[in-house]
Amino acid sequence: FTHMKYFFILGANPTLSLAELTAVFNNGRFSLIQKNIAILETDNEIMANIIKKIGGTIKFGLIHNELNSYDIKNILKNSSEFSIPKTSESKFNFGISFYGKGKINLKVLGMEFKKLLKQSDINSRWVVSREPTLSSVVVEQNKLITDKGVEIVIIEFNKKLFLGKTIAVQPFKELSFRDYGRPARDDRSGMLPPKLAQIMINLSGAKLDDIILDPFCGSGTILTEAMLMGYKNLIGSDISNKAIKDTKINLEWIKNNYQLSITNYELKNIDVTQISKQIKPNSIDAIITEPYLGPQRGKFDINKTVKELGHLYTKSLVEFKKILKPNGKIIMIWPSFSVKPKSIFINPEIFDYKIINPIPKNLEKNIFLKLTMRNTMVYGREDQKVWREIVVLQKTQ
(Lines give C-alpha, C1' and ligand atoms only; values in the text may rest on other atoms or scores of the structure.)
Protein backbone atom coordinates (compact mmCIF):
# COMPACT_ATOMS: atom_id res chain seq x y z
CA PHE A 1 0.00 0.00 0.00
CA THR A 2 1.95 2.97 -1.23
CA HIS A 3 1.08 6.46 -2.21
CA MET A 4 1.88 7.03 -5.89
CA LYS A 5 2.14 9.95 -8.23
CA TYR A 6 1.37 9.67 -11.93
CA PHE A 7 1.83 12.26 -14.65
CA PHE A 8 -0.59 12.67 -17.56
CA ILE A 9 0.33 14.61 -20.70
CA LEU A 10 -2.98 16.02 -21.88
CA GLY A 11 -4.36 16.45 -25.38
CA ALA A 12 -5.12 19.64 -27.29
CA ASN A 13 -7.98 20.58 -24.96
CA PRO A 14 -6.60 20.37 -21.39
CA THR A 15 -9.92 21.29 -19.75
CA LEU A 16 -11.73 18.42 -21.44
CA SER A 17 -8.85 16.00 -20.82
CA LEU A 18 -8.72 16.87 -17.14
CA ALA A 19 -12.51 16.59 -16.76
CA GLU A 20 -12.27 13.11 -18.28
CA LEU A 21 -9.44 12.02 -15.97
CA THR A 22 -11.35 13.31 -12.95
CA ALA A 23 -14.34 11.17 -13.93
CA VAL A 24 -12.19 8.07 -14.53
CA PHE A 25 -9.96 8.29 -11.44
CA ASN A 26 -12.48 9.71 -9.05
CA ASN A 27 -10.68 8.49 -5.95
CA GLY A 28 -7.43 10.38 -6.52
CA ARG A 29 -6.39 13.99 -6.24
CA PHE A 30 -5.37 15.92 -9.34
CA SER A 31 -3.22 18.99 -9.74
CA LEU A 32 -2.51 20.73 -13.01
CA ILE A 33 1.08 21.94 -13.05
CA GLN A 34 1.52 23.09 -16.63
CA LYS A 35 -1.02 23.85 -19.30
CA ASN A 36 -1.06 20.25 -20.48
CA ILE A 37 0.34 18.26 -17.56
CA ALA A 38 -1.74 16.82 -14.75
CA ILE A 39 -0.39 15.02 -11.71
CA LEU A 40 -2.52 12.41 -9.95
CA GLU A 41 -1.89 11.28 -6.39
CA THR A 42 -3.48 7.92 -5.69
CA ASP A 43 -3.11 4.70 -3.72
CA ASN A 44 -4.14 2.57 -6.69
CA GLU A 45 -1.78 1.26 -9.31
CA ILE A 46 -2.71 2.30 -12.85
CA MET A 47 -2.23 -0.21 -15.62
CA ALA A 48 -0.88 0.63 -19.07
CA ASN A 49 -3.95 -0.56 -20.99
CA ILE A 50 -6.17 2.14 -19.44
CA ILE A 51 -4.72 4.46 -22.12
CA LYS A 52 -6.92 2.70 -24.69
CA LYS A 53 -9.98 3.95 -22.85
CA ILE A 54 -9.07 7.59 -22.16
CA GLY A 55 -9.34 9.73 -25.25
CA GLY A 56 -7.86 12.93 -23.86
CA THR A 57 -4.44 11.70 -22.69
CA ILE A 58 -1.39 11.53 -24.95
CA LYS A 59 0.91 9.71 -22.54
CA PHE A 60 1.11 8.86 -18.88
CA GLY A 61 3.66 7.45 -16.50
CA LEU A 62 4.82 7.07 -12.92
CA ILE A 63 6.81 9.72 -11.07
CA HIS A 64 9.68 8.07 -9.20
CA ASN A 65 11.65 10.98 -7.77
CA GLU A 66 11.41 14.70 -6.97
CA LEU A 67 14.51 16.87 -7.06
CA ASN A 68 15.25 20.38 -5.89
CA SER A 69 18.20 20.95 -8.18
CA TYR A 70 18.93 20.97 -11.89
CA ASP A 71 22.32 19.34 -11.38
CA ILE A 72 22.96 16.83 -14.18
CA LYS A 73 24.77 14.35 -11.88
CA ASN A 74 21.84 14.41 -9.51
CA ILE A 75 19.30 13.91 -12.32
CA LEU A 76 21.41 11.08 -13.70
CA LYS A 77 21.77 9.29 -10.39
CA ASN A 78 18.06 9.56 -9.59
CA SER A 79 16.81 8.57 -13.01
CA SER A 80 19.15 5.61 -13.39
CA GLU A 81 17.49 4.01 -10.36
CA PHE A 82 14.28 3.35 -12.28
CA SER A 83 15.40 3.33 -15.89
CA ILE A 84 18.42 1.06 -16.27
CA PRO A 85 17.41 -2.54 -16.96
CA LYS A 86 19.08 -5.39 -15.05
CA THR A 87 20.29 -6.91 -18.29
CA SER A 88 19.52 -6.36 -21.93
CA GLU A 89 20.18 -8.98 -24.60
CA SER A 90 19.61 -6.68 -27.54
CA LYS A 91 20.23 -2.99 -28.06
CA PHE A 92 18.41 -0.87 -25.47
CA ASN A 93 16.67 2.32 -26.63
CA PHE A 94 16.25 5.32 -24.39
CA GLY A 95 14.74 8.76 -24.83
CA ILE A 96 14.48 11.82 -22.62
CA SER A 97 11.61 14.30 -22.61
CA PHE A 98 11.89 17.56 -20.71
CA TYR A 99 8.69 19.49 -20.02
CA GLY A 100 9.79 22.84 -18.72
CA LYS A 101 11.54 26.14 -19.34
CA GLY A 102 14.57 25.68 -17.10
CA LYS A 103 18.11 25.03 -18.17
CA ILE A 104 18.96 21.38 -18.54
CA ASN A 105 21.55 20.34 -21.04
CA LEU A 106 19.82 17.34 -22.59
CA LYS A 107 22.83 16.64 -24.84
CA VAL A 108 25.10 16.14 -21.86
CA LEU A 109 22.43 14.20 -19.97
CA GLY A 110 21.90 11.83 -22.90
CA MET A 111 25.62 11.19 -23.39
CA GLU A 112 26.17 10.57 -19.68
CA PHE A 113 23.23 8.19 -19.53
CA LYS A 114 24.69 6.27 -22.48
CA LYS A 115 27.97 5.94 -20.56
CA LEU A 116 26.14 4.63 -17.49
CA LEU A 117 24.45 1.97 -19.61
CA LYS A 118 27.81 1.06 -21.13
CA GLN A 119 29.20 0.51 -17.61
CA SER A 120 26.40 -2.02 -17.05
CA ASP A 121 27.40 -3.72 -20.35
CA ILE A 122 24.30 -2.47 -22.08
CA ASN A 123 24.52 -1.35 -25.68
CA SER A 124 22.17 1.54 -26.21
CA ARG A 125 20.69 3.86 -28.78
CA TRP A 126 19.58 7.33 -27.75
CA VAL A 127 16.32 8.34 -29.44
CA VAL A 128 16.08 12.07 -30.11
CA SER A 129 13.66 14.35 -31.95
CA ARG A 130 13.65 18.02 -32.88
CA GLU A 131 11.50 18.92 -29.89
CA PRO A 132 12.65 18.71 -26.26
CA THR A 133 9.80 16.22 -25.78
CA LEU A 134 9.19 13.00 -27.70
CA SER A 135 5.82 12.50 -29.38
CA SER A 136 3.76 9.40 -28.70
CA VAL A 137 4.59 8.22 -32.24
CA VAL A 138 8.34 8.41 -31.58
CA VAL A 139 7.95 6.69 -28.20
CA GLU A 140 5.89 3.87 -29.69
CA GLN A 141 7.96 3.31 -32.81
CA ASN A 142 11.23 3.15 -30.88
CA LYS A 143 9.85 0.66 -28.35
CA LEU A 144 10.41 3.02 -25.42
CA ILE A 145 7.46 1.54 -23.53
CA THR A 146 8.58 -2.09 -23.85
CA ASP A 147 11.28 -3.95 -21.98
CA LYS A 148 13.63 -2.96 -24.82
CA GLY A 149 13.53 0.72 -23.96
CA VAL A 150 12.61 3.57 -21.67
CA GLU A 151 11.41 7.15 -21.92
CA ILE A 152 12.66 9.24 -19.01
CA VAL A 153 10.36 12.18 -18.39
CA ILE A 154 11.53 15.28 -16.55
CA ILE A 155 8.81 17.74 -15.56
CA GLU A 156 9.56 21.15 -14.14
CA PHE A 157 7.28 22.62 -11.51
CA ASN A 158 7.98 25.53 -9.14
CA LYS A 159 11.76 25.18 -9.48
CA LYS A 160 11.43 21.47 -8.68
CA LEU A 161 11.88 18.54 -11.04
CA PHE A 162 9.68 15.46 -11.15
CA LEU A 163 11.47 12.45 -12.64
CA GLY A 164 9.36 9.71 -14.10
CA LYS A 165 9.07 7.06 -16.72
CA THR A 166 6.39 6.67 -19.37
CA ILE A 167 4.07 3.70 -18.98
CA ALA A 168 1.88 4.09 -22.08
CA VAL A 169 1.07 6.39 -25.00
CA GLN A 170 -2.16 7.01 -26.87
CA PRO A 171 -2.83 4.21 -29.40
CA PHE A 172 -2.77 6.60 -32.37
CA LYS A 173 -2.74 3.82 -34.99
CA GLU A 174 -5.85 2.18 -33.58
CA LEU A 175 -7.70 5.47 -33.23
CA SER A 176 -6.91 6.37 -36.81
CA PHE A 177 -7.90 2.89 -37.99
CA ARG A 178 -11.30 3.25 -36.31
CA ASP A 179 -11.76 6.78 -37.58
CA TYR A 180 -10.83 6.24 -41.21
CA GLY A 181 -10.95 2.47 -41.64
CA ARG A 182 -14.50 1.74 -40.68
CA PRO A 183 -16.77 0.55 -43.44
CA ALA A 184 -19.68 2.96 -43.05
CA ARG A 185 -18.71 6.62 -42.92
CA ASP A 186 -21.03 9.54 -43.37
CA ASP A 187 -19.27 12.87 -43.76
CA ARG A 188 -22.55 14.69 -44.15
CA SER A 189 -23.83 14.05 -40.66
CA GLY A 190 -20.56 15.28 -39.13
CA MET A 191 -17.86 12.96 -37.90
CA LEU A 192 -17.31 12.56 -34.18
CA PRO A 193 -13.66 11.65 -33.51
CA PRO A 194 -13.33 8.36 -31.56
CA LYS A 195 -11.23 10.19 -28.94
CA LEU A 196 -14.04 12.64 -28.23
CA ALA A 197 -16.55 9.78 -28.05
CA GLN A 198 -14.37 8.11 -25.39
CA ILE A 199 -14.14 11.35 -23.42
CA MET A 200 -17.93 11.78 -23.48
CA ILE A 201 -18.52 8.20 -22.35
CA ASN A 202 -16.07 8.68 -19.47
CA LEU A 203 -17.67 11.98 -18.46
CA SER A 204 -20.95 10.14 -17.93
CA GLY A 205 -19.41 8.08 -15.12
CA ALA A 206 -21.50 5.14 -16.36
CA LYS A 207 -20.65 1.68 -14.99
CA LEU A 208 -19.99 -1.17 -17.41
CA ASP A 209 -23.37 -2.83 -16.91
CA ASP A 210 -25.36 0.42 -17.09
CA ILE A 211 -27.72 1.00 -20.01
CA ILE A 212 -26.39 3.67 -22.36
CA LEU A 213 -28.45 5.30 -25.08
CA ASP A 214 -27.32 7.36 -28.05
CA PRO A 215 -30.52 8.79 -29.55
CA PHE A 216 -28.74 10.45 -32.51
CA CYS A 217 -26.44 7.54 -33.27
CA GLY A 218 -25.32 8.65 -36.77
CA SER A 219 -22.78 6.08 -37.88
CA GLY A 220 -22.34 4.72 -34.39
CA THR A 221 -19.07 6.17 -33.09
CA ILE A 222 -20.26 6.55 -29.49
CA LEU A 223 -21.69 3.03 -29.49
CA THR A 224 -18.63 1.40 -31.07
CA GLU A 225 -16.28 3.14 -28.62
CA ALA A 226 -18.52 2.18 -25.68
CA MET A 227 -18.50 -1.41 -26.91
CA LEU A 228 -14.70 -1.41 -27.04
CA MET A 229 -14.51 0.11 -23.56
CA GLY A 230 -16.45 -2.88 -22.23
CA TYR A 231 -19.98 -1.49 -21.90
CA LYS A 232 -22.49 -4.32 -22.06
CA ASN A 233 -25.88 -2.72 -22.71
CA LEU A 234 -26.17 -0.26 -25.57
CA ILE A 235 -29.10 1.27 -27.38
CA GLY A 236 -28.81 3.43 -30.47
CA SER A 237 -31.60 5.23 -32.25
CA ASP A 238 -31.85 7.67 -35.11
CA ILE A 239 -34.53 9.19 -37.31
CA SER A 240 -32.54 8.16 -40.39
CA ASN A 241 -32.80 4.62 -41.69
CA LYS A 242 -29.36 4.93 -43.28
CA ALA A 243 -27.86 5.88 -39.90
CA ILE A 244 -29.25 2.70 -38.33
CA LYS A 245 -27.83 0.58 -41.17
CA ASP A 246 -24.43 2.32 -40.95
CA THR A 247 -24.33 1.90 -37.19
CA LYS A 248 -25.10 -1.81 -37.46
CA ILE A 249 -22.34 -2.31 -40.05
CA ASN A 250 -19.82 -0.45 -37.88
CA LEU A 251 -20.79 -2.27 -34.66
CA GLU A 252 -20.39 -5.65 -36.34
CA TRP A 253 -17.08 -4.52 -37.86
CA ILE A 254 -15.74 -3.51 -34.43
CA LYS A 255 -17.02 -6.75 -32.90
CA ASN A 256 -15.19 -8.83 -35.50
CA ASN A 257 -11.99 -6.79 -35.61
CA TYR A 258 -11.56 -6.80 -31.85
CA GLN A 259 -13.12 -10.25 -31.24
CA LEU A 260 -15.63 -8.94 -28.73
CA SER A 261 -18.10 -11.44 -27.37
CA ILE A 262 -20.78 -10.16 -25.03
CA THR A 263 -22.41 -6.88 -25.86
CA ASN A 264 -26.14 -6.46 -26.03
CA TYR A 265 -27.06 -3.74 -28.41
CA GLU A 266 -30.38 -2.64 -29.84
CA LEU A 267 -30.87 -0.25 -32.73
CA LYS A 268 -34.16 1.56 -33.30
CA ASN A 269 -35.33 3.80 -36.08
CA ILE A 270 -37.08 6.52 -34.01
CA ASP A 271 -37.65 10.24 -34.21
CA VAL A 272 -36.07 11.59 -31.03
CA THR A 273 -39.17 13.63 -30.17
CA GLN A 274 -41.13 10.35 -29.91
CA ILE A 275 -38.50 8.27 -28.13
CA SER A 276 -40.38 7.81 -24.85
CA LYS A 277 -43.02 5.85 -26.75
CA GLN A 278 -40.51 3.10 -27.50
CA ILE A 279 -38.18 3.09 -24.50
CA LYS A 280 -39.34 2.22 -20.99
CA PRO A 281 -39.67 5.11 -18.51
CA ASN A 282 -36.81 5.50 -16.00
CA SER A 283 -34.80 2.73 -17.64
CA ILE A 284 -31.72 4.50 -19.04
CA ASP A 285 -28.63 5.23 -16.92
CA ALA A 286 -26.87 7.60 -19.31
CA ILE A 287 -27.58 9.34 -22.60
CA ILE A 288 -24.42 10.17 -24.53
CA THR A 289 -24.97 11.87 -27.86
CA GLU A 290 -23.96 14.28 -30.55
CA PRO A 291 -27.24 15.42 -32.09
CA TYR A 292 -27.77 17.09 -35.42
CA LEU A 293 -25.62 20.24 -35.18
CA GLY A 294 -27.18 22.17 -38.06
CA PRO A 295 -25.71 22.79 -41.51
CA GLN A 296 -21.91 22.41 -41.56
CA ARG A 297 -21.10 23.89 -44.95
CA GLY A 298 -22.06 26.75 -47.17
CA LYS A 299 -24.00 29.86 -46.18
CA PHE A 300 -26.90 29.54 -43.76
CA ASP A 301 -28.94 31.80 -41.52
CA ILE A 302 -27.32 31.37 -38.09
CA ASN A 303 -30.15 32.93 -36.10
CA LYS A 304 -32.69 30.69 -37.73
CA THR A 305 -30.49 27.62 -37.15
CA VAL A 306 -29.93 28.53 -33.50
CA LYS A 307 -33.66 28.87 -32.97
CA GLU A 308 -34.51 25.59 -34.73
CA LEU A 309 -31.83 23.62 -32.89
CA GLY A 310 -32.82 25.15 -29.55
CA HIS A 311 -36.33 23.94 -30.23
CA LEU A 312 -35.22 20.43 -31.24
CA TYR A 313 -32.95 20.04 -28.21
CA THR A 314 -35.61 21.31 -25.80
CA LYS A 315 -38.08 18.75 -27.15
CA SER A 316 -35.42 16.02 -26.95
CA LEU A 317 -34.58 16.89 -23.34
CA VAL A 318 -38.26 16.70 -22.38
CA GLU A 319 -38.35 13.18 -23.87
CA PHE A 320 -35.06 12.17 -22.26
CA LYS A 321 -36.41 13.10 -18.85
CA LYS A 322 -39.11 10.44 -19.19
CA ILE A 323 -36.73 7.59 -19.98
CA LEU A 324 -33.74 8.52 -17.77
CA LYS A 325 -33.36 7.03 -14.31
CA PRO A 326 -33.50 9.47 -11.37
CA ASN A 327 -30.14 11.36 -11.25
CA GLY A 328 -29.30 9.92 -14.67
CA LYS A 329 -26.76 11.87 -16.72
CA ILE A 330 -26.76 13.28 -20.22
CA ILE A 331 -23.53 14.10 -22.03
CA MET A 332 -24.58 16.09 -25.05
CA ILE A 333 -22.91 18.26 -27.63
CA TRP A 334 -24.45 21.56 -28.59
CA PRO A 335 -22.96 23.53 -31.48
CA SER A 336 -21.52 26.97 -30.92
CA PHE A 337 -21.17 29.14 -34.00
CA SER A 338 -18.04 31.16 -34.29
CA VAL A 339 -18.97 34.59 -35.61
CA LYS A 340 -15.95 36.81 -34.96
CA PRO A 341 -15.47 38.38 -32.47
CA LYS A 342 -17.97 36.26 -30.53
CA SER A 343 -19.56 32.84 -30.39
CA ILE A 344 -23.27 32.21 -30.63
CA PHE A 345 -24.51 29.47 -28.30
CA ILE A 346 -27.70 27.43 -28.33
CA ASN A 347 -30.06 27.86 -25.37
CA PRO A 348 -32.36 24.89 -24.96
CA GLU A 349 -34.65 24.87 -21.93
CA ILE A 350 -33.28 22.61 -19.23
CA PHE A 351 -36.04 22.77 -16.59
CA ASP A 352 -35.54 19.34 -15.08
CA TYR A 353 -31.78 19.20 -15.24
CA LYS A 354 -28.78 20.89 -13.74
CA ILE A 355 -25.49 21.48 -15.55
CA ILE A 356 -22.67 19.70 -13.73
CA ASN A 357 -19.27 21.36 -13.50
CA PRO A 358 -16.86 18.55 -14.50
CA ILE A 359 -13.74 20.15 -12.96
CA PRO A 360 -12.68 19.13 -9.43
CA LYS A 361 -13.23 21.79 -6.75
CA ASN A 362 -9.52 22.25 -6.03
CA LEU A 363 -8.88 23.21 -9.67
CA GLU A 364 -11.84 25.47 -10.41
CA LYS A 365 -9.63 28.56 -10.25
CA ASN A 366 -6.73 27.06 -12.20
CA ILE A 367 -5.58 29.49 -14.89
CA PHE A 368 -5.12 26.75 -17.49
CA LEU A 369 -8.69 25.51 -17.34
CA LYS A 370 -11.39 27.21 -19.36
CA LEU A 371 -15.10 26.68 -18.83
CA THR A 372 -17.91 28.73 -20.37
CA MET A 373 -20.12 30.97 -18.25
CA ARG A 374 -22.46 28.01 -17.82
CA ASN A 375 -19.78 25.51 -16.75
CA THR A 376 -19.56 23.69 -20.07
CA MET A 377 -16.50 22.95 -22.20
CA VAL A 378 -15.87 24.02 -25.76
CA TYR A 379 -13.98 21.89 -28.26
CA GLY A 380 -12.75 22.95 -31.70
CA ARG A 381 -9.94 24.36 -33.81
CA GLU A 382 -9.33 28.05 -34.43
CA ASP A 383 -10.47 27.86 -38.07
CA GLN A 384 -13.72 25.99 -37.45
CA LYS A 385 -17.05 27.74 -37.97
CA VAL A 386 -18.95 25.32 -35.79
CA TRP A 387 -17.47 24.38 -32.42
CA ARG A 388 -18.71 21.69 -30.06
CA GLU A 389 -19.96 22.66 -26.63
CA ILE A 390 -19.85 19.65 -24.31
CA VAL A 391 -22.60 19.77 -21.74
CA VAL A 392 -22.91 17.48 -18.71
CA LEU A 393 -26.50 17.43 -17.48
CA GLN A 394 -28.01 15.57 -14.56
CA LYS A 395 -31.70 14.88 -14.10
CA THR A 396 -32.78 16.66 -10.94
CA GLN A 397 -35.74 14.53 -9.92
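Which residues in H6 meet which residues in H7? The legends below take that up, along with a serine just past H6, all in a predicted model.

**View 1. Where H6 meets H7.** On the H6 side, the residues in contact are Pro-194, Ala-197, Gln-198, Met-200 and Ile-201. Their partners in H7 are Thr-221, Ile-222, Glu-225 and Ala-226. Sort the residues of this contact by type and you get six nonpolar, two polar and one charged.

**View 2. How H6 and H7 cross.** Here we look at the axes of H6 (194-203) and H7 (residues 221-228). They come within 9 Å and cross at roughly 70 degrees. Angles of 65 to 115 degrees count as roughly perpendicular, so H6 is roughly perpendicular to H7. As for handedness, H6 passes H7 in a right-handed crossing.

**View 3. Ser-204 and its polar contacts.** Ser-204 sits in the loop between helix H6 and strand S9 (211-214). Its side chain reaches back to the backbone oxygen of Ile-201 at 2.6 Å. Ile-201 is also one of the H6 residues that meet H7. A polar atom of the Ser-204 side chain also lies 3.1 Å from the backbone nitrogen of Ala-206.

**View 4. What surrounds Ser-204.** Is this loop residue, Ser-204, buried or exposed? Its relative accessibility is 7%, and the cut-off for buried is under 20%, so Ser-204 counts as buried. Leaving aside residues up to four places away in sequence, Ser-204 touches Ala-286, Ile-288, Lys-329 and Ile-331.

Definitions and conventions
Residues are numbered from 1 along each chain as its sequence is written. This is a predicted model: local features need pLDDT of at least 70, side-chain atom pairs count only at pLDDT 80 or more; totals for chains, interfaces and linings use all residues. Side-chain values use heavy atoms; hydrogens and water are left out. Helices (H or I, at least four residues) and strands (E, at least two) are DSSP runs, numbered from the N terminus. Buried means under 20% relative accessible area, exposed over 50%, partly exposed in between (1.4 Å probe, protein chains only). A polar contact is a pair of N or O atoms within 3.5 Å; within protein, one must be able to donate a hydrogen and the other to accept it, and residues adjacent in sequence count only if both atoms are side-chain atoms. Contact means heavy atoms within 4.5 Å. Axes are lines fitted to C-alpha atoms, for helices over the stretch in contact, and angles run from 0 to 180 degrees between N-to-C directions. Angles under 35 degrees count as roughly parallel, over 145 as roughly antiparallel, 65 to 115 as roughly perpendicular and the rest as oblique. A crossing is left-handed if the near helix is turned anticlockwise from the far one by less than a right angle, and right-handed if clockwise. Ala, Val, Leu, Ile, Met, Phe, Trp, Tyr, Cys and Pro count as nonpolar, Asp, Glu, Lys and Arg as charged, and the others, Gly among them, as polar.
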